[in-house]
Amino acid sequence: MISYRLFVPVIILTLLVSCGIRTADILHTDSLIDAKKASMQNFTGVGGFSVDMPAEVPGSSETEEIPELYYTVYRVQKGDMVGKIAEQFGISQDAIISINRLKNTRGLQIGQLLKIPSIDGIVYTAKKGDTPESIADRYRVSLEKTALINNISDNSIEAGTLVFIPDAKLDWVTLQEINGDLFRKPLRGSYYISSRYGWRNNPFSGSRTFHNGIDMATNQGVPVYAALDGRVSATGFDPVYGNYIIISHHSGYQTMYAHLSAIQTARGRQVTASTRIGQVGNTGQSTGPHLHFTVYKNRSTINPSTLWN
Ligand SMILES: [Zn+2]
């Protein structure tokens, strides 16, 4: 565990940086840190619960103290959830998700080993053109702390380097994706999946083809909704997909709704996840009324069923 002695200066450092005070100025804040520590040592919480502050180690330098980054291993137990494990270790679920590259928090397996960092933060892979400063700026975290934790001594970093960004959180979209609740289902009533995403025997040609979406079978005329906020980028008729709608969303997402019996929107319209855009049909190459639904991320298809609960 990290002691309060280590955390107090770091918290103050972070607060000062976020107030726009330069790190050079922070090197002269020993008195401020001491005052803060003194007040915390005397802190007595509600109900007489007192916080025990560790004694000062002689000769230690306050401003140089950055908590050490190390990892412990945790074995997932029955009933565990990422949020619960994170709480247990006093870190955010973002830290566990990012460090273990979890793609889906619902897919945790009993017995699975998770790396748990000693301090809160996320892992980031440096891209071409990144500098330690640009990374710290983007995540609004302390450059000094980031540099110290990662042993970075100048303002350059090689693409592909893994950087631990202390105190950083995953962006909203990433977190929604991982938690599986970014999208809403385009059908709100009952349906069954008549064909999944992936390789299948094509019902028309008989050959193995890649099914780039999911087929949601239901009754003709059932309302179809946009799966996420966005703008309609195309509507039309295609010999394979029948009547279709394509919507462009944030973060490089696009969705396609095909085999519709009716299109009830138009190119350029803004939609939300509660906008009715069309009706389920059997147009194009289709063996019965169903919605073919494809999700693109940066023009590559992804499995839609990983995007919702
Ligand atoms: Zn399909």
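The protein chain contains 8 helices and 17 strands, where helices (H or I, at least four residues) and strands (E, at least two) are DSSP runs numbered from the N terminus. This is a predicted model: local features need pLDDT of at least 70, side-chain atom pairs count only at pLDDT 80 or more, and totals for chains, interfaces and linings use all residues. Residues are numbered from 1 along each chain as its sequence is written.

Of the 309 residues in the protein chain, 26% are buried (20 or more other C-beta atoms within 10 Å of the residue's own, with C-beta atoms placed from the backbone).

One open sheet has 3 strands in the order 9-15-13, with antiparallel pairing; two strands pair if DSSP finds at least two bridges between them. Strand 9 and strand 13 each have a single partner strand, so one side of each is left without a neighbour in the sheet. Strand 13 is joined to strand 15 by 2 bridges, and Ala262 has Gln279 as its bridge partner in strand 15.

The largest nonpolar core (buried Ala, Val, Leu, Ile, Met, Phe, Trp, Tyr and Cys residues joined through C-beta atoms within 7 Å) has 28 residues. The elements that give two or more residues to this core are as follows.

| Element | Residues |
|---|---|
| Strand 8 | 214-217 |
| Strand 11 | 242-248 |
| Strand 12 | 253-260 |
| Strand 16 | 290-297 |

Strand 12 supplies the largest share, 5 residues. Apart from this core lies another of 16 residues, including Val82 and Ala168.

Val224 is among the residues with the most contacts inside the largest core. Beyond four places in sequence, the contacts of Val224 include Tyr257, Leu260 and Leu291 (contact: C-beta atoms, placed from the backbone, within 7 Å).

Notes: A residue is buried if 20 or more other C-beta atoms lie within 10 Å of its own, exposed if 12 or fewer, and partly exposed in between; C-beta atoms are placed from the backbone. Two residues are in contact if their C-beta atoms, placed from the backbone, lie within 7 Å.
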